[in-house]
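Open the model in your viewer and keep the selection panel at hand. The stops below say what to select next and what is there.

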Number of protein chains: 2
Amino acid sequence: MNVEFDQIALTPAYRRVADAITERILSRTLREGERLPPETELARQLGVNRSTVREALRELECSGLLERRPGSKRMTVTRPQHRAIAKDVSRALALHDVTFLEVWTALTEFEPPVAESAARSRNAADLEHLAAVRARFDAENAATDKAVHHTAEFFRALGAATHNQVFALVHEPLIELLEPSLRDMIDQVAQARSRIAAAQRRLLEALERRDPEAARQWMARHIRDFRKGYELAGIDLRHRIG
Amino acid sequence: MNVEFDQIALTPAYRRVADAITERILSRTLREGERLPPETELARQLGVNRSTVREALRELECSGLLERRPGSKRMTVTRPQHRAIAKDVSRALALHDVTFLEVWTALTEFEPPVAESAARSRNAADLEHLAAVRARFDAENAATDKAVHHTAEFFRALGAATHNQVFALVHEPLIELLEPSLRDMIDQVAQARSRIAAAQRRLLEALERRDPEAARQWMARHIRDFRKGYELAGIDLRHRIG
DNA sequence: ACGGTATTATTGTCCGACAATCCGGCTATC
DNA sequence: GATAGCCGGATTGTCGGACAATAATACCGT
């Protein structure tokens, strides 16, 4: 008889604890909003020390499956926030020395469909929100930070207007990566602010008319404009971001 | 004199420790591949207990900034792996009850540009890899798991062939989300395998000819085919994934 | 210089402790 | 009866120390 041994599970306990709790959340045995049992209780149930449980909890906390509501002790089960996930994505890309050219190319291909889809799926509330964001850009774009922030918010509002979570989540990192270089460009190119304002106006009009084709085209121009701005500002597109 | 108090920093120590180390990595003070100092040393330097350091390390580990090389004790600084990040993204989307319709819509818009870009940027090695993946699909697609896996791998290889990290990272979650429902479909639709094989052949030919337009169009058909398959299999597109 | 061994360093896990503070119930007041 | 304030118990954040297992390193003989 051939007696072979399986590879012993070398995964540390904190990891297996994390996996166990994750599994409960993904299978929706633990539902969103529900409070997690106390650490001591978890430790007792799982047969490990509280310190081990705590290490596992840190892991779940950072992957966005648990959160501590402000002014609350116990942790509650939650779903990862799109914004937080997108931050991780853009951080990863930045660490991998992604260039602005790569980001711009992706924007060129991905944003026009987002705009097109938004023109199809937007509802009255989306329109209102977009108009508000655009108004804020027009009102306060003197400070670089404000201008960049409002520009990004307009993109985000478009993503939300598609009512497609995949669109919204996937284009969020692109916006995140656009911001730092936009900050550099917007101050060196005099006409940048007015061109952004114009693009936002056209896009909003297209959305109001529910005109997907126009939305797509104005977005395409908007993105091309960014590139022109970078070239005018003399920024090297192959330079890494962040 | 107006004596106002700042909001007391209520962020727990483990979080601030994590932030401190993260900052060091992002600023590249700690470079990739470098080994982190021992936990006791970190605790001493930061003036906290080792348990606190360990909680912080779990956080960095799960965000992919640190990893433990197999058969190694100390942790080394690393960059988040695209695959791991994509897993988080698709998990988040699944938890948010994304529907197959949303995924399919995103595929419709995002994959053709990826194919187009791949046709432009592919090099000989990419072509070879793609051919190998396609050959594997042709050779072993009897088992559902294999067929699904090879289909996904072909998409991944296309993403890599764009030589654009943003493309590659952004479409990865889409593939991840496609897999489970593809698994359901592929067994119920007799012609699914041959249609996938045909699409892969056409795509590969387009890439060989460096024909972006053909690549885009064949990909668009490929994605449309998926939808037809789901409809033939009687799968509700509005059903949530996962 | 090198392969193998002994020593040390480091991690994974446990235990116990304590202050801060959140939570839930109780009481007093209106 | 509702509400505000109070109080004790429950829970978390952080600490200190301990120990076995094993990776890392120094050492040593050839």
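Select Asn49(A) and DNA strand C: a backbone N or O atom of Asn49(A) lies 2.8 Å from a phosphate oxygen of the strand, a polar contact (a pair of N or O atoms within 3.5 Å; within protein, one must be able to donate a hydrogen and the other to accept it, and residues adjacent in sequence count only if both atoms are side-chain atoms). This is a predicted model, in which local features need pLDDT of at least 70 and side-chain atom pairs count only at pLDDT 80 or more, while totals for chains, interfaces and linings use all residues. Residues are numbered from 1 along each chain as its sequence is written, chains are lettered from A and ligands numbered from 1 in the order in which they are written, and side-chain values use heavy atoms, with hydrogens and water left out.

Add Ala13(A), where a polar backbone atom is 2.4 Å from a phosphate oxygen of DNA strand C. Then add Arg50(B), whose side chain places a polar atom 2.8 Å from a base oxygen of DNA strand C. The elements giving two or more residues to the surface near the strand are helix H1 (13-26) and helix H3 (50-62) of chain A, together with helix H3 (50-62) of chain B; helices here are DSSP runs (H or I, at least four residues), numbered from the N terminus. H3(A) supplies the largest share, 3 residues.

Widen the selection to the 20 residues around DNA strand C, of which Ala13(A), Asn49(A), Thr52(A), Arg50(B) and Arg54(B) come nearest; a residue is near if one of its heavy atoms lies within 4 Å of the strand. Of the strand's atoms within 4 Å of the protein, 68% belong to sugar or phosphate and the rest to bases.

Move to helix H10 of chain B, residues 212-232. Which of its residues are buried (under 20% relative accessible area, 1.4 Å probe, protein chains only)? Among them are Met219(B), His222(B), Phe226(B) and Tyr230(B). The buried residues cover an arc of only 170° around the axis (taken from the directions from the helix axis to the C-beta atoms), so they sit on the same side of H10(B). Their cover includes helices H5 (100-121), H7 (144-161), H8 (165-188) and H9 (192-208) of chain B. Just after H10(B), Gly234(B) has a positive phi of about 70°.

Finish on H8(B), where 18 of the 24 residues are buried. At its N-terminal end, Asn164(B) acts as a cap, with a side-chain oxygen 2.8 Å from the backbone nitrogen of Val166(B).

Key:
Buried means under 20% relative accessible area, exposed over 50%, partly exposed in between (1.4 Å probe, protein chains only). Contact means heavy atoms within 4.5 Å.
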